[in-house]
Amino acid sequence: MYPKPADNISETEKVIKDMIQQRENGTDLVLVILKKDTLEFLGICEVGAINTDTPELGIWIKKSDHGNGFGKEAIYALKDWVDKNLEYKYLSYPVDKRNLPSRKIAESLGGRVFREFQKINMSQNLLDELEFRIYK
Ligand SMILES: CC(C)(COP(=O)(O)OP(=O)(O)OC[C@H]1O[C@@H](n2cnc3c(N)ncnc32)[C@H](O)[C@@H]1OP(=O)(O)O)[C@@H](O)C(=O)NCCC(=O)NCCS
């Protein structure tokens, strides 16, 4: 997914409805990340394409909470769930080249860059992407 900030609340509601539908269809699992002690919303993480042998990991932490280890902790928990519940060949993890924290997370899971490509996201920005592949 390459989301953009919502213009209004109905756009947000549609995104959430689509995520629920994807879960019910068995294609994507999107989870909310909450702070353990206060249950404050921190972000979301996702494993997409779970009906294939190359599922895709994704993570978004809200800006005010970047750099506190939450992204890494959430992805490790998600990968643990995936390893216990899905059969797969490898996990795909696309990141923007300039996104150092995300690259570090992929590398710490043993991910290796498999390909580079360019992509226009939903905010119409051109991204230089690296696709990491993470094997079990
Ligand atoms: C990418 C993202 C999920 C990282 O989550 P985070 O909670 O900020 O990152 P963490 O605190 O868990 O740090 C992960 C690693 O990056 C390092 N890091 C954190 N911020 C960094 C920075 N600004 N520059 C370089 N390294 C950084 C950490 O030290 C850690 O490395 P380590 O395990 O070797 O110590 C978060 O920044 C985010 O949601 N960004 C916007 C959306 C996005 O880019 N999603 C990823 C799509 S693939």
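**Exercise 1. Find which ligand atom type His66 approaches, and describe the polar contacts and cover of the ligand.**

Step 1. A polar side-chain atom of His66 is 3.4 Å from a nitrogen atom of the ligand. A polar contact here is a pair of N or O atoms within 3.5 Å; within protein, one must be able to donate a hydrogen and the other to accept it, and residues adjacent in sequence count only if both atoms are side-chain atoms. The model is predicted: local features need pLDDT of at least 70, side-chain atom pairs count only at pLDDT 80 or more, and totals for chains, interfaces and linings use all residues. Residues are numbered from 1 along each chain as its sequence is written, and side-chain values use heavy atoms, with hydrogens and water left out.

Step 2. Backbone N or O atoms also approach ligand oxygen: that of Asn68 at 3.4 Å, and that of Gly69 at 2.7 Å.

Step 3. The ligand alone exposes 940 Å², of which the protein buries 68% (Shrake-Rupley method, 1.4 Å probe; for residues, only the protein chains shown count as cover).

**Exercise 2. Determine which element gives the most residues to the shell around the ligand.**

Step 1. The ligand is surrounded by 18 residues, and Ile59, Ile61, Gly69, Lys72 and Asn99 are the closest (a heavy atom within 4 Å).

Step 2. At least two shell residues come from each of strand E3 (56–61), helix H2 (70–85), strand E4 (91–96) and helix H3 (100–108). These elements are DSSP runs numbered from the N terminus: helices are H or I with at least four residues, strands E with at least two.

Step 3. H3 gives the most, with 5 residues.

**Exercise 3. Establish which residues of H3 are buried and how they are arranged.**

Step 1. Ser102, Ile105 and Ala106 are the buried residues of H3 (buried is under 20% relative accessible area, exposed over 50%, partly exposed in between; 1.4 Å probe, protein chains only).

Step 2. Down the axis of H3, these residues fall within an arc of 95°, so they line one face of the helix; the arc is that of the directions from the helix axis to the C-beta atoms.

Step 3. The face turned away from the buried side of H3 holds exposed Leu100, Pro101 and Lys104.

Step 4. The cover over the buried residues of H3 includes H2, E4 and strand E6 (126–134) (contact: heavy atoms within 4.5 Å).

Step 5. At the N-terminal end of H3, Asn99 is the cap, with a side-chain oxygen 3.2 Å from the backbone nitrogen of Ser102.
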